Amino acid sequence: MTHLPERLLAGYRNFMAGRYAAESDRYRSLAKQGQSPKTMVIACCDSRAAPETIFDCGPGELFVVRNVANLVPPYAPDDQHHGTSAALEFAVQSLKVQHIIVMGHGRCGGIGAALNPSAEPLSPGDFIGKWMNLVAPAAEAISGNAMMTPAERQTALERISIRYQVNNLRSFPCVKILEEKGRLTLHGAWFDISSGELWVMDPKTGDFERPILD
Ligand SMILES: [Zn+2]
């Protein structure tokens, strides 16, 4: 018999005794009635930027898809395997979420790779390199800006990429139509891992601001 890492088994014991015990009614009713989250989050795989943790959400509240650097490949109805598009289709058409948040974060390794495209690929497939080609035009523009420090370039591309991804969401006809009807709102957000600050994108200007919390 194989064993999960001890840390995870201990965590699972805590979950069963703590959170599951406290929320077992909610889990049972979610199992019976199905999920109906109001919000989809498109986040990075990074272990430090988990949406459920940052938004303090319980089971059934967030429909989450995570990929390297929280990218949204543009609408492409072909025969390829589009994981993010499949999640988006389900969230919008079946779950009828009211909000979609593209959430990036500081010190993102995927964005760092996009800014350093000549680095040696991690494997012969160079999946990260090809994936991050989605932001290559913005990465090239920022890399050529000698006025910025490397850290400034990194943060700038993390945020510019979020604007790109929100725009890519609109390339999906179902998203565009529902947004125009006022039934779906698109958001961008950027999480600063070291300070815990969440910066939210202004939908009109595209600038990122810290929300005023009561
Ligand atoms: Zn990341």
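Reader: Where is D46 found?

Author: In this predicted model, D46 sits in the loop that runs between β1 (39–44) and α2 (51–54).

Reader: Okay, and is D46 buried or exposed?

Author: The trick is to count neighbours: a residue is buried if 20 or more other C-beta atoms lie within 10 Å of its own. D46 has 20 C-beta neighbours inside 10 Å, so it counts as buried.

Reader: Which residues does D46 touch, leaving out those up to four places away in sequence?

Author: H105, C108 and G109.

Reader: H105, then. Where does H105 lie, and what is it in contact with?

Author: H105 belongs to strand β3 (residues 99–105). H105 is buried too, because 22 other C-beta atoms lie within 10 Å. Setting aside neighbours within four places in sequence, H105 contacts C44, D46, A49, W190, F191 and I193.

Reader: Which residues does UniProt place under "binding site"?

Author: An unreviewed UniProt entry puts that feature at C44, D46, H105 and C108. They're spread over 65 residues of sequence, yet they cluster in space, with a largest C-alpha distance of 8.7 Å.

Reader: Switching to helices: how do α6 and α7 cross?

Author: For a helix pair, look at the angle between the axes; over 145 degrees counts as roughly antiparallel. Here the axes of α6 (residues 136–143) and α7 (residues 150–169) come within 10 Å and cross at roughly 150°, which means α6 is roughly antiparallel to α7. Their crossing is right-handed.

Reader: Which residues meet there?

Author: From α6, A138, A139, I142 and S143; from α7, R153, A156, L157, I160, S161 and Y164. By class, this contact has seven nonpolar, two polar and one charged residues.

Notes
Residues numbered from 1 in each chain as written. Predicted model: local features only at pLDDT ≥ 70, side-chain atom pairs only at ≥ 80, totals over all residues. Axes fitted to C-alpha atoms, helices over the stretch in contact; angles between N-to-C directions. Helix = DSSP H or I, 4+ residues; strand = E, 2+ residues; numbered from the N terminus. Parallel < 35°, antiparallel > 145°, perpendicular 65-115°, else oblique. Left-handed = near helix turned anticlockwise from the far one by under 90°. Contact = placed C-beta atoms within 7 Å. Nonpolar A, V, L, I, M, F, W, Y, C, P; charged D, E, K, R; others polar. UniProt positions renumbered as here; feature names shortened; annotations may be inferred. Buried ≥ 20, exposed ≤ 12 C-beta atoms within 10 Å, placed from the backbone.
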